[in-house]
Amino acid sequence: MEKSEVKKELIDLIIEVFKNQEFDANIIEYADLLEDLGMDSLSFISLVIEIESHFNIMIPDETLLLDNFKCVDGIVAIVNQEIVKKIQTSEEE
């Protein structure tokens, strides 16, 4: 999966998780999810669950820090890393 595809799908997931918040979906990729959208622990866990389910990955516990999920590009990097790990693991089997 290309990085741009991951980013687009991730933005759609973020919009879904924060659908009850009032924000401009066009600027979501530049937003600080903590500051601009008020991400709290509940919305953080919801987002992580949605990401893991959608991309069929498991995000390692040591990566599950709010600061790692502040911006779309940071989340894209985490998701891409886990997708690559998953592909490499399946190729080794």
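## Lys-85 and its helix

Let's start with Lys-85, which sits in helix H3, the stretch covering residues 72–92. Keep in mind that this is a predicted model. Is Lys-85 buried, partly exposed or exposed? Its relative accessibility is 37%, so Lys-85 counts as partly exposed, given that buried means under 20% and exposed means over 50%. If you look for Ile-57, you'll find its C-alpha 9.3 Å from that of Lys-85, although 28 residues separate the pair along the chain.

How does the length of H3 fit what you'd expect for a helix? With 21 residues at 1.5 Å each, H3 should span 30 Å, and the distance between its end C-alpha atoms is 30 Å, so the two agree.

## What H3 tucks away

Several residues of H3 are buried: Val-72, Ile-75, Val-76, Ile-78, Val-79, Asn-80, Glu-82 and Ile-83. Asn-80 and Glu-82 are on that list alongside the valines and isoleucines. A bit of helix geometry is handy here. An α-helix has 3.6 residues a turn, so residues three or four places apart point the same way.

What covers these buried residues? The cover includes helix H1, residues 3–17, and helix H2, residues 41–55.

## Leu-13 on helix H1

Now over to helix H1, where you'll find Leu-13. With a relative accessibility of 9%, Leu-13 counts as buried, because the cut-off for buried is under 20%.

Which residues does Leu-13 touch, once its neighbours within four places in sequence are set aside? They are Glu-50, Ile-51, His-54 and Phe-55. Take Glu-50 from that group: its C-alpha lies 7.0 Å from the one in Leu-13, while the two are 37 residues apart in sequence.

## The whole chain

Stepping back, the protein has three helices and zero strands, and reading along the sequence gives you α-α-α. The C-alpha trace spans about 45 × 25 × 20 Å along its principal axes. For 93 residues, a compact globule would have a radius of gyration near 12 Å; the protein comes in at 13 Å, which agrees.

Of the 93 residues, 34% are buried. Take the contacts between residues at least 6 apart in sequence, and 59% of them join residues at least 24 apart.

## Surface and charge

The accessible surface adds up to about 6000 Å², and carbon and sulfur atoms account for 49% of it. How many charged side chains are there of each sign? There are 7 positive and 22 negative ones, and the centres of the two sets lie 2 Å apart.

Methods:
Residues are numbered from 1 along each chain as its sequence is written. This is a predicted model: local features need pLDDT of at least 70, side-chain atom pairs count only at pLDDT 80 or more; totals for chains, interfaces and linings use all residues. Side-chain values use heavy atoms; hydrogens and water are left out. Helices (H or I, at least four residues) and strands (E, at least two) are DSSP runs, numbered from the N terminus. The radius of gyration is taken over C-alpha atoms; the globule rule is 2.2 Å times the number of residues to the power 0.38. Buried means under 20% relative accessible area, exposed over 50%, partly exposed in between (1.4 Å probe, protein chains only). Contact means heavy atoms within 4.5 Å. Accessible areas come from the Shrake-Rupley method with a 1.4 Å probe; for residues, only the protein chains shown count as cover. Lys and Arg count as positive and Asp and Glu as negative; His and the chain ends are not counted. The place of a charge is taken as NZ of Lys, CZ of Arg, CG of Asp or CD of Glu. The expected span of a helix is 1.5 Å times one less than its number of residues.
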